[in-house]
Amino acid sequence: SVSKYPAVEIDLAFVADVNVTAGSIEKVLKKAGGEYLTSVKLFDIYEGERIEAGKKSLAYSLLFQTKERTLTAEEINDSVERIKDALEKDLGAVLRS
């Protein structure tokens, strides 16, 4: 069923070693994102002059939502922090600045 509460979409890009797969990043995103992360979509992979040699940038669109209520900014920020920490710990991927 469709939620009557608004979803929040956030785009985040991570820099990882070229041998890290998009699928492995997606697994960590889903696990660390928690119950409010309802969708993960890869929309860009970039390797080039703006990225360190041996690295690539992977950009994802993350959708947060619950059917019970509107999520707070703090809840979403907490999920994003968990995601960033887990990606760095598990895969050595960092948020692209």
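**Note on the predicted model**

1. Glu47 is a convenient place to enter the structure: leaving out residues up to four places away in sequence, Glu47 touches Val18, Lys55 and Lys56. What follows concerns a predicted model, and the contacts described here should be read in that light. Glu47 sits in the loop that runs between E2 and E3, and with a relative accessible area of 52% this residue counts as exposed, because the cut-off for that word is over 50%. Its C-alpha atom lies 13 Å from that of Arg96, although 49 residues separate Glu47 and Arg96 in sequence.

2. The overall plan can be stated briefly. The protein chain holds two helices and four strands, and when these elements are read along the sequence they follow the pattern β-α-β-β-α-β. The radius of gyration is 14 Å, close to the 13 Å that the globule rule gives for 97 residues, so the protein chain is as compact as a globular protein of that length. The C-alpha trace spans about 45 × 25 × 20 Å along its principal axes.

3. Some totals for the protein chain complete that outline. Of its 97 residues, 37% are buried, while the accessible surface comes to about 6100 Å², with 48% of that area belonging to carbon and sulfur atoms. Among contacts with a separation of 6 or more, 73% are between residues 24 or more positions apart.

4. The four strands form an open sheet in the order E2-E3-E1-E4, and their pairing is antiparallel. Strand E2, covering 37-46, and strand E4, covering 94-95, are the edge strands, since each of them pairs on one side only. As general background, the strands of a sheet pair through backbone hydrogen bonds, either parallel or antiparallel.

5. How many bridges join strand E1 to strand E3? Ten bridges link E1, residues 8-17, to E3, residues 55-64, and the two strands run antiparallel. Two examples help to fix the register by eye: Ala16 stands opposite Lys56 in E3, and Ile10 has Leu62 of E3 as its bridge partner. E1 is also joined to E4 by two bridges, again with the strands running antiparallel, and in that pairing Val15 stands opposite Val94 of E4.

6. Both helices can be placed relative to the strands. Helix H1, made of residues 22-33, lies across E1, E2 and E3 and runs at about 35 degrees to E3. Helix H2, made of residues 73-91, packs on the sheet and touches E1, E2, E3 and E4, with a direction that makes about 15 degrees with that of E1.

7. Two residues of helix H2 deserve a closer look, and Ile83 is one of them. Is Ile83 buried or exposed? At 0% relative accessibility, Ile83 counts as buried, because that value is under 20%. Setting aside residues up to four places away in sequence, its contacts are Phe14, Leu29, Ala32, Gly33, Leu37, Leu62 and Phe64; of these, Leu62 has already appeared as the bridge partner of Ile10. Ile83 and Val18, by contrast, are 65 residues apart in sequence and 20 Å apart in space, C-alpha to C-alpha.

8. The other is Ser79, which is likewise found in helix H2. Ser79 is buried, with a relative accessible area of 2%, and its side chain reaches the backbone oxygen of Gly33 at 3.3 Å. Beyond residues up to four places away in sequence, Ser79 touches Ala32, Gly33 and Phe64, and these three names also occur among the contacts of Ile83. Since helix H1 covers residues 22-33, a reader following the side chain of Ser79 to Gly33 will arrive at the end of that helix.

9. The loop between E3 and H2 contains Gln65. What lies 2.6 Å from a polar atom of the side chain of Gln65? The backbone oxygen of Tyr5 is found at that distance. Leaving aside neighbours within four places in sequence, Gln65 is in contact with Ser3, Tyr5, Pro6, Ala7, Tyr36, Thr38 and Leu71, and a reader may wish to trace these contacts while viewing the loop.

Methods:
Residues numbered from 1 in each chain as written. Predicted model: local features only at pLDDT ≥ 70, side-chain atom pairs only at ≥ 80, totals over all residues. Heavy atoms only, no water. Contact = heavy atoms within 4.5 Å. Axes fitted to C-alpha atoms, helices over the stretch in contact; angles between N-to-C directions. Rg over C-alpha atoms; globule rule 2.2 N^0.38 Å. Buried < 20%, exposed > 50% of the residue type's maximum accessible area, 1.4 Å probe, protein only. Areas by Shrake-Rupley, 256 points an atom, 1.4 Å probe, with all protein chains shown as cover. Polar contact = N/O pair within 3.5 Å; in protein donor to acceptor, adjacent residues only side chain to side chain.
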